[in-house]
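User: Please take a close look at the charged side-chain pairs in this model. I would like one connected account of how they are placed, followed by the ring contacts that go with them.

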Amino acid sequence: MLNRLRQRSGDEGGFTLIELLVVILIIGILAAIAIPSFLSQKSKGYDASAKELARTAETTAETIATDNNGSYEKVTAAELHNYEKSIPTSSAEAGNNAYISGTGTPEAAGYSVTAKAFNTGDEFTITKSSAGVITRTCKSSEGAKNGCGGKETGDW
């Protein structure tokens, strides 16, 4: 019986070189498909972060107006940060995340806030006109055109 076990273990040689090459080829093809897809999702995440920051700034601007009898004249990047400490107003504060890159000229009846994705450079703006109409626009960084649905500018 012991002799049979030795003979069986000697007969089993493992994988052939061809089998190993086929497995490595399959793994290489899957990696070639997955890596570009992953990088695309990463830039979409940066843009989503900037969009959410713009929405947070919008809510904070409404809070500022409520505290100032409905006037948006005090809606500035510094005032947004004073009201909501989680709103970064410079790339240094944001690290590798989005930050408020600017606000439009404050008006009593309207405002504009712009968030910029640090890594992609895409800008997302929310504007409230004096008539109360809210518009959301975006501007992609040069060459990339990721954040605006494949265009240089658009709505979101």
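Analyst:
**Salt bridges and their surroundings**

A search of the whole structure finds 3 salt bridges (a side-chain nitrogen of Lys or Arg within 4 Å of a carboxyl oxygen of Asp or Glu). The model is predicted, so local features need pLDDT of at least 70 and side-chain atom pairs pLDDT 80 or more, while totals for chains, interfaces and linings use all residues. Residues are numbered from 1 along each chain as its sequence is written, and side-chain values use heavy atoms, without hydrogens or water.

One salt bridge joins Arg55 to Glu52, with 3.4 Å between the closest N and O atoms. Both residues belong to helix H2 and are 3 residues apart, about one turn of the helix (helices, H or I of at least four residues, and strands, E of at least two, are DSSP runs numbered from the N terminus). Arg55 is partly exposed, at 35% relative accessible area, and Glu52 is likewise partly exposed, at 43% (buried is under 20%, exposed over 50%, partly exposed in between; 1.4 Å probe, protein chains only).

Another salt bridge pairs Glu58 with Arg136, whose closest N and O atoms are 3.5 Å apart. This pair links distant parts of the chain, since Glu58 lies in helix H2 and Arg136 in strand E4 (residues 134–139), 78 residues away. Glu58 is buried because its relative accessible area is 12%, whereas Arg136, at 29%, is partly exposed.

In a further salt bridge, Glu62 meets Lys128 at 3.4 Å, N to O. Glu62 is in helix H2 and Lys128 in strand E3, so the pair ties together parts 66 residues apart in sequence. Here Glu62 is partly exposed, with a relative accessible area of 25%, and Lys128 is buried, with 17%.

Arg136 also has a ring contact: this residue lies over the face of Trp156, 5.9 Å from the ring centre (NZ of Lys or CZ of Arg within 6 Å of the centre and 35 degrees of the ring normal).

The structure contains 2 aromatic pairs (Phe, Tyr or six-membered Trp ring centres within 6.5 Å; planes under 30 degrees stacked, over 60 edge-to-face, the rest tilted). Tyr72 and Tyr111 form a tilted pair, at 5.0 Å centre to centre and 45° between the planes. Both Tyr72 and Tyr111 are buried. Trp156 takes part in an edge-to-face pair with Phe124, at 5.8 Å and 85°. Phe124 lies in strand E3 (residues 123–128) and Trp156 in the segment after strand E5 (153–155), so this contact ties together parts 32 residues apart in sequence. Phe124 counts as buried because its relative accessibility is 0%.
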